[in-house]
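The following note sets out points for a colleague examining this model. The points concern helix packing, the ligand surroundings and unusual backbone geometry.

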Amino acid sequence: MQIHINEDKQQFHLTNGHISYIFHVMKNGQLGHLYYGKALRHREDFSHLQVYDVPTAASCHIYAGDPAFSLETVRQEYPVYGNSDFREPAIVVERLGVSHIPQFTYESYRVLEGKPSLDGLPATYVDRAEDAVTLQIMLRDEFLGAQLTLQYTIFRDKPVITRNACILNEGTQPLVLDRMMGASLDLPDKDFMFVHLAGTWSRERYVKERKLETGIQSISSIRGASSHHHNPFMAMKRFDATEHTGEVYGFQHVYSSNFLMQVEVDHYDVARLSVGIHPFGFRWNLKNGETFQTPEVVMVYSSAGLNGMSQAFHNLYRDHLIPSQWRKVERPVLINNWEATYFNFDEDKLVNIASSASELGIELFVLDDGWFGKRNDDTSSLGDWFVDYAKLPNGLASLAEKIKSTGMKFGLWFEPEMISPNSELYREHPDWAVGLQGQPQTLGRNQLVLDFSRQEIVDYVYEKMAGIIRATGLAYIKWDMNRNITEAFSTKLASNEQGEFFHRYILGVYALYEKLTSEFPHVLFESCAGGGGRFDPGMLYYAPQAWTSDDTDAVERLKIQYGTSLAYPLYSMGSHVSAVPNHQTLRSTPLQTRANTAYFGTFGYELDPLSLSDEEREAIKIQVEFYKQYRELIRDGDFYRLRSPFEGNETAWMVVSRDKTEALVGWYKVLATPNGAKQQAIRLIGLDESMVYEVVSSGGHYYGDELMTVGLQLPTEFNGVNAQVAKRGGDFQSEVFYLKNIANKKI
Ligand code: GLA
């Protein structure tokens with residue numbers, strides 16, 4: 001892993017044997033992009049990678065009299081608008097009232113072992129300096145009196161570069177930023193499929209693919225959250241790339257609020273990628289001496305298809321993003337009372353659920369919404385973070401003790417960022433809600449949003465939450481956020497500062513997370529936003545798991561979890577078994593299929609154990625035991641997607657241990673096939689060709705190469721006349737196979 005610097009030619013080459021990222025200082029002093037992709041051997045000079053050509057006459061905008069140099073035709077690192085580049089820029093900055101086209105020209109560089117943290121923002125990190133190296137490039141616009149630092153980090157043994165940008169106002173006049181992206185990247189052509197994840201509440205992160213075309217295409221959020229609708233993830237997949245082969249570039253924004261991921265394909269087919277805070281509505285005042293730091297952009301290169309890209313994200317997030325104290329810890333199997341009781345519970349009911357769940361081997365009881373204020377439905381009490389004595393007359397600490405005496409840990413739901421108009425907090429502080437007094441405020445789920453851009457409000461919520469954590473010895477917090485932000489104004493910001501609101505808001509959210517997670521590192525946080533409305537890398541930095549979706553239907557979860565796995569590791573996805581008919585779809589699927597789907601995540605239950613039959617209880621005991629046995633494999637293993645729920649009736653995926661001695665394969669078939677194919681097998685991936693594996697459920701022994709070429713045979717499906725031999729049938733079938741290497745065995 002190293003950074004080659006050619007001082008003479010002013011070229012920079014970041015490489016680690018997997019990838020290369022190369023750029024240089026162009027003749028006008030701005031940064032030109034040369035190459036990003038599979039590792040190249042280092043050579044003295046890469047300047048031939050910058051092709052200078054005269055732009056066509058009609059748009060002939062030539063720099064400084066050199067007919068072969070135009071910003072219109074060169075690929076750049078961090079472009080500006082205003083001279084000869086007519087594409088969208090990375091930065092728009094002005095000195096108020098003064099006409100000037102920004103020109104950030106190269107000043108110096110700095111190489112740092114390791115990776116500096118980003119002030120107030122989540123970002124990937126390294127524990128040991130030798131795991132990454134960082135290059136900072138300092139550029140300057142003399143007229144503005146501004147220094148721009150572009151930061152590039154390359155990780156050891158990972159096909160990953162992270163980028164961010166930071167501007168410092170060193171001048172005497174205030175500056176205003178209208179746009180500042182974390183990264184801009186000019187890929188040389190447009191021969192890619194644009195892959196991204198889109199959806200809405202209850203069907204988050206469906207995989208979408210479309211061909212890049214001339215013009216601008218983008219995904220984004222301007223909702224004040226990364227959103228259910230578009231995830232801050234996009235991939236550029238070569239036309240010949242598949243799930244497991246070929247070139248794919250993946251991008252993620254480590255941020256939980258408004259974002260833009262845009263590709264502008266120009267008239268020469270150059271694809272300009274921009275990733276950063278959405279410029280729409282963004283306007284940041286930068287006073288003298290102040291800096292503005294962009295969120296981080298993660299860039300992954302894969303030569304092993306989409307799945308290779310996913311594994312690179314998974315490895316990065318497991319090793320360098322989630323809080324280190326959770327990296328190697330088994331997460332508890334939990335039971336959440338939401339779908340069991342909704343708002344209708346009392347202490348006895350909760351303790352009974354906990355003790356009944358404890359007998360099933362479940363380890364953590366989570367009390368969801370409805371324990372505070374006077375919250376008997378969703379029309380009141382958000383912000384009133386004190387126990388509802390009408391429901392829990394002995395208080396929370398006593399409930400916590402009783403839960404713990406059943407052998408369970410105790411966890412609690414909060415929605416820290418919200419305020420109900422019908423709450424004591426609102427009656428006392430109506431101006432704490434986002435929006436302007438006297439102007440309409442739109443309700444979402446009957447609630448308003450607390451103005452987290454204000455320090456005193458964040459401090460207030462911190463005191464409430466910290467007090468409850470201390471009093472109850474909480475082991476877990478589900479941090480929810482059930483509406484997007486409208487009328488995005490703060491009463492404390494002047495009218496010319498309101499463009500700072502969204503970013504200041506999320507900085508407040510991060511500050512609260514930072515304070516709570518550093519003071520209470522043993523508390524496991526699960527982020528949530530009406531299900532998966534804020535499932536993003538920014539949140540993972542604080543909360544190592546996220547509630548993937550409110551939709552717990554096993555069939556729907558195949559798509560949701562499959563899509564989520566494009567960017568996020570299995571162990572970050574909260575996935576629970578719930579009752580049937582399912583509360584979101586009214587579909588009834590077998591209990592085993594619900595568990596077989598939920599195993600591939602952080603496992604739990606979302607049902608009333610007191611209403612289970614004896615048979616169901618026995619089945620659940622086995623499920624919990626099964627998950628406990630394999631959760632380490634699920635946490636640390638390599639994940640392979642085998643069949644896509646977006647392409648057919650079947651889904652399959654598997655996770656293989658790093659040493660390839662064991663694997664867990666999940667296979668799911670939504671509708672039965674009448675008299676279908678006689679021989680049905682799934683071809684596995686990622687095993688060791690020469691190892692002998694036992695398929696534990698059948699006792700069969702096979703070499704890895706056979707399992708990967710012939711495949712793993714599926715049990716015979718019922719076809720109307722084969723009742724004697726059929727091992728499966730009906731709709732919503734599934735199987736999870738455990739494969740284990742039998743050492744020194746020859747077959
Ligand atoms: C959101 C969450 C649910 C549940 C409810 C409680 O919808 O996603 O899991 O916590 O809020 O109101």
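1. H4 passes H6 with a right-handed crossing. In this predicted model, the axes of H4 and helix H6, residues 455-472, come within 8 Å and cross at roughly 45°. The pair is therefore oblique, as the crossing angle falls outside the ranges that count as roughly parallel, antiparallel or perpendicular.

2. The residues that bring H4 and H6 together can be listed from either side. H4 contributes Leu396, Ala397, Ala400 and Lys404, which meet Ile468, Ala471 and Thr472 of H6. By class, this contact comprises five nonpolar residues, one polar and one charged.

3. H4 also packs against H3. The axes of helix H3 (residues 347-359) and helix H4 (residues 395-405) come within 9 Å, with a crossing of roughly 25°. H3 and H4 are therefore roughly parallel to each other, since angles under 35 degrees are counted in that way. The crossing of H3 and H4 is right-handed.

4. Which residues make the contact between H3 and H4? On H3 they are Glu347, Leu350, Val351 and Ala354, and on H4 they are Ser398, Leu399, Lys402 and Ile403. The contact of H3 with H4 divides into five nonpolar residues, one polar and two charged.

5. A further helix pair is formed by H10 and H11. Helix H10 spans residues 591-598 and helix H11 spans residues 614-636; their axes lie 11 Å apart and the helices pack at an angle of about 20°. H10 and H11 are therefore roughly parallel to each other, and their crossing is right-handed.

6. In the contact of H10 with H11, Leu591, Gln592 and Ala595 come from H10, while Glu616, Ala619, Ile620 and Gln623 come from H11. Four of these residues are nonpolar, two are polar and one is charged.

7. The ligand has 13 residues around it, of which Asp368, Asp369, Arg445, Lys478 and Asp550 come nearest. These residues deserve to be displayed together with the ligand when the site is inspected.

8. Where do polar atoms of the protein approach oxygen atoms of the ligand? The side chain of Asn482 has an N or O atom 3.2 Å from a ligand oxygen atom. In Gly531 the atom concerned is a backbone N or O atom, which lies 2.8 Å from an oxygen atom of the ligand. Trp547 places a polar side-chain atom 3.4 Å from an oxygen atom of the ligand.

9. Two backbone details should be noted. The peptide bond joining Val580 and Pro581 is cis, with omega about -5°. Pro581 is found in the loop between strand S29 (573-578) and H10, and H10 is the helix that packs with H11 at about 20°.

10. The second detail concerns Tyr342, whose phi is near 45°, a positive value in a residue other than glycine. Tyr342 belongs to the loop between helix H2 (338-341) and H3. The helix following that loop, H3, is the one whose axis comes within 9 Å of the axis of H4.

Conventions
Residues numbered from 1 in each chain as written. Predicted model: local features only at pLDDT ≥ 70, side-chain atom pairs only at ≥ 80, totals over all residues. Heavy atoms only, no water. Axes fitted to C-alpha atoms, helices over the stretch in contact; angles between N-to-C directions. Helix = DSSP H or I, 4+ residues; strand = E, 2+ residues; numbered from the N terminus. Parallel < 35°, antiparallel > 145°, perpendicular 65-115°, else oblique. Left-handed = near helix turned anticlockwise from the far one by under 90°. Contact = heavy atoms within 4.5 Å. Nonpolar A, V, L, I, M, F, W, Y, C, P; charged D, E, K, R; others polar. Near = heavy atom within 4 Å. Polar contact = N/O pair within 3.5 Å; in protein donor to acceptor, adjacent residues only side chain to side chain.
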